[in-house]
Amino acid sequence: MSVVLAIARFLHLFLVAVLAGLLVGVALVERALLEVGPSVYTAVQKPKHEVFAPVMPVLDTLVIAAGLLVLILMNRTRRPLAPGAVAFTAAGVVCTIALTVTTVLVNVPINAEIIGSWSVEHPPADWAQVRDRWNLFHTIRTVVARLALVCLLVTALRPAPHGRAGTAGGRTRSGA
């Protein structure tokens, strides 16, 4: 495997691990917030979403771009890859694209609504339904992120086939 491909694979795996870990952490916070009332929930959500709003698009974009780069490099390499490496990597990239689509279509609009129009003193009457919808889609994207991570770990942990032209089992034919 080329050095460039190895670095790209490492970077992609690292970024997906950061994303999956971040989403799991948020899920744990959200679980704790199921016990609080509407004003406390809103008071926590507004600054949380303001912090994540500039970070998540950058992280999601880097994850997808790194994954696409890895796939391009994998398809250009002349060296043997582990069996299923391209398929598992592609599955991981598809997962990250799917979780980003879910984020953009469901979670981000809810976040914008909370930041823009919810009041800590007077949260909307349907705040619990909005919370539950956000949590449902956050759970989906968290599971998909962990699935992406598993796909990449499977690829990273499977050894590439040994032996190129003139070798057998990784050693030269002369036994050296």
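Helix α2, with 39 residues, reaches 54 Å from its first C-alpha to its last, a span close to the 57 Å expected at 1.5 Å a residue. The model described here is a predicted one, and the values reported below are computed from its atoms. Within α2 the axis bends by about 40 degrees at A53, and a proline, P54, follows within four residues of that position. Helix α3 can be described in similar terms: its 33 residues reach 46 Å from the first C-alpha to the last, which is close to the 48 Å expected at 1.5 Å a residue. A kink of about 40 degrees is found in α3 as well, and this kink is centred on T103.

The residue at the bend of α2 also takes part in the lining of the largest pocket, where A53 is listed with H49, F52, M56 and N111 as lying nearest the centre among 17 lining residues. The space in this pocket amounts to about 220 Å³. Four helices contribute to the wall, since α1, α2 (38–76), α3 (85–117) and α4 (127–157) each supply at least two residues of the lining. Of these, α2 gives the most, with 6 residues. When the lining is divided by class, 11 residues are nonpolar, 4 are polar and 2 are charged.

Aromatic contacts were examined next. A search of the whole structure yields 3 aromatic pairs. In one of them, the rings of F10 and F14 have their centres 6.4 Å apart and their planes at 15 degrees, and the pair is therefore stacked, the angle being under the limit of 30 degrees. Both residues belong to helix α1, and because they are 4 residues apart in that helix, F10 and F14 are separated by about one helical turn. An α-helix has 3.6 residues a turn, so residues three or four places apart point the same way. The two partners fall into separate accessibility classes: F10, at 58% relative accessibility, counts as exposed because the value is over 50%, whereas F14, with a relative accessible area of 47%, is partly exposed.

A further pair is formed by Y41 and W118, whose ring centres lie 6.4 Å apart and whose planes stand at 50 degrees, so that this pair is tilted. The pair links distant parts of the chain, as Y41 lies in helix α2 and W118 in the loop between α3 and α4, 77 residues apart. Y41 is buried, with a relative accessible area of 1%, and W118 is likewise buried, with a relative accessible area of 5%; both values are under the 20% that marks the buried class. Ring pairs also bring in W127, so that Y41, W118 and W127 are linked into a cluster.

Several individual positions add detail to the helices and to the separations between them. In helix α1, which comprises residues 3–33, A17 is partly exposed, with a relative accessible area of 33%. The C-alpha atom of A17 is separated by 9.7 Å from that of L153, although the two residues are 136 residues apart along the chain. A17 can also be set against D132, a residue of helix α4: these two are 115 residues apart in sequence and 26 Å apart in space, C-alpha to C-alpha. With a relative accessibility of 40%, D132 counts as partly exposed.

Another residue of helix α1 is L5, which counts as buried at 0% relative accessibility. The C-alpha atoms of L5 and A85, 80 residues apart along the chain, are separated by 12 Å. In helix α4, finally, L136 is found, and the relative accessible area of L136 is 49%, which places the residue in the partly exposed class because the value is not over 50%. Between L136 and N107 there are 9.7 Å in space, C-alpha to C-alpha, and the two residues are 29 residues apart in sequence.

Note on methods: Residues are numbered from 1 along each chain as its sequence is written. This is a predicted model: local features need pLDDT of at least 70, side-chain atom pairs count only at pLDDT 80 or more; totals for chains, interfaces and linings use all residues. Side-chain values use heavy atoms; hydrogens and water are left out. Buried means under 20% relative accessible area, exposed over 50%, partly exposed in between (1.4 Å probe, protein chains only). On a 1 Å grid over the protein atoms alone, a cavity is a set of points where a 1.4 Å probe fits but cannot get out, and a pocket is an open set with protein on both sides within 12 Å along at least five of seven lines; lining residues have an atom within 4 Å of a point. Grid points are joined across faces, edges and corners, and a volume is the space filled by probe spheres set on the points. Ala, Val, Leu, Ile, Met, Phe, Trp, Tyr, Cys and Pro count as nonpolar, Asp, Glu, Lys and Arg as charged, and the others, Gly among them, as polar. The expected span of a helix is 1.5 Å times one less than its number of residues. The bend at a residue is the angle between axes fitted to the seven residues ending there and the seven starting there. Rings of Phe, Tyr and Trp (its six-membered ring) pair if their centres lie within 6.5 Å; planes under 30 degrees apart count as stacked, over 60 as edge-to-face and the rest as tilted.
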